[in-house]
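Visitor: I am new to reading protein structures, and I would like a close look at one part of this one. Could you take me to the helix and show me what surrounds it?

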Amino acid sequence: MGQLLVYKCPKCGNIVYLDRGCGMMWWKNDKSILYPQEKGAYEFNIYSSLLPRIRKEVHKYIETVGDPIFVDNVRMQPYKCNKCGKIDSKIYFEIVSPKIDIKNYVPKYHCSCHGKYTKIRPNQKHFNCHLCGTELIEDSEMMWD
Ligand SMILES: [Zn+2]
Ligand SMILES: [Zn+2]
């Protein structure tokens with residue numbers, strides 16, 4: 001079950017979307033979800049949601065570690081920039097390495113200000129506007145999938 005929370009800044013009107021959780025279609029967890037879909041195939045994949053840089057990293061990683069790999073914890077994940085405080089939701093997943101000496105792959109995201117995005121904890125409810133510092137107010141909540 002996915003959850004989309006919309007927060008609004010009462011002072012400057014900034015709107016922040018917090019997308020959490022995973023859709024039912026994402027339960028499939030073999031590596032095919034990281035490659036372009038074959039024509040006519042109905043199966044869901046996350047390839048189209050990945051940034052070109054992440055696609056490259058992922059495919060290189062899979063070539064390096066070899067099979068069998070599987071993809072775990074696919075979900076939408078809210079991140080916060082450690083520099084400007086901007087909040088954004090990105091697709092998160094882990095590629096589990098078949099080799100003990102190679103770490104699992106986890107995508108890393110960066111803000112347009114070149115700051116680093118760090119994961120927001122699921123229980124965090126209070127956020128400040130990155131533009132003016134005012135505490136954001138929860139505006140609406142939507143379930144998806
Ligand atoms: Zn604001
Ligand atoms: Zn930033």
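Guide: Happy to; we will begin with the whole chain, move to the helix and the core beside it, and then visit some unusual backbone spots and the far strand.

Please keep in mind that this is a predicted model. Its mean pLDDT is 89, and 91% of the residues reach 70 or more. The protein has one helix and six strands, and reading along the sequence gives the pattern β-β-α-β-β-β-β. Its C-alpha trace spans about 50 × 30 × 25 Å along the principal axes. Of the 145 residues, 18% are buried. Among contacts between residues at least 6 apart in sequence, 64% join residues at least 24 apart.

Now to your helix. Helix α1 covers residues 52-65, which makes 14 residues. From the first C-alpha to the last, α1 reaches 20 Å, close to the 20 Å expected at 1.5 Å a residue. After α1 comes G66, with a positive phi near 75 degrees.

What does the helix help to build? The largest nonpolar core has 10 residues: I33, L34, I54, V58, I69, V71, V74, F93, I95 and Y105. At least two residues of this core come from each of α1, β3 (70-81) and β4 (87-96). This fits a broader tendency: in soluble globular proteins, nonpolar side chains tend to be buried together. To see the core from one residue's point of view, pick L34. Leaving out residues up to four places away in sequence, L34 touches I46, Y47, V58 and V71. Apart from this core lies another, made of seven residues, including Y7, C9, I87 and L136.

Let us go back to the end of the helix and follow the chain onward. In the loop between α1 and β3 you will find P68. The peptide bond joining D67 and P68 is cis, with omega about -5 degrees. That deserves a second glance, because most residues other than glycine have a negative phi, and most peptide bonds are trans.

Two residues further on stand out for their phi. One is N73, which sits in strand β3. Although N73 is not a glycine, its phi is positive, at about 55 degrees. Is N73 buried, exposed or partly exposed? N73 has 14 other C-beta atoms within 10 Å, so it counts as partly exposed. The other is H114, in the loop between β4 and β5 (117-119). H114 is a residue other than glycine, and its phi is also positive, near 75 degrees. H114 counts as exposed because it has 9 C-beta neighbours inside 10 Å.

Finally, turn to strand β6, residues 137-144. This strand is hardly covered: among its eight residues, the count of buried ones is zero. Strand β6 does have a partner, since seven bridges join it to β1 (residues 2-8), and the two run antiparallel. One pair to look for is Y7 with its bridge partner E138 in β6. You met Y7 a moment ago as a member of the seven-residue core. Among the elements of the protein, β6 has the lowest mean pLDDT, 86, while β5 has the highest, 97.

Definitions and conventions
Residues are numbered from 1 along each chain as its sequence is written. Chains are lettered from A and ligands numbered from 1 in the order in which they are written. This is a predicted model: local features need pLDDT of at least 70, side-chain atom pairs count only at pLDDT 80 or more; totals for chains, interfaces and linings use all residues. Helices (H or I, at least four residues) and strands (E, at least two) are DSSP runs, numbered from the N terminus. The expected span of a helix is 1.5 Å times one less than its number of residues. A nonpolar core is a set of buried Ala, Val, Leu, Ile, Met, Phe, Trp, Tyr and Cys residues joined through C-beta atoms within 7 Å. A residue is buried if 20 or more other C-beta atoms lie within 10 Å of its own, exposed if 12 or fewer, and partly exposed in between; C-beta atoms are placed from the backbone. Two residues are in contact if their C-beta atoms, placed from the backbone, lie within 7 Å. Two strands pair if DSSP finds at least two bridges between them. pLDDT is the predictor's confidence in each residue, from 0 to 100.
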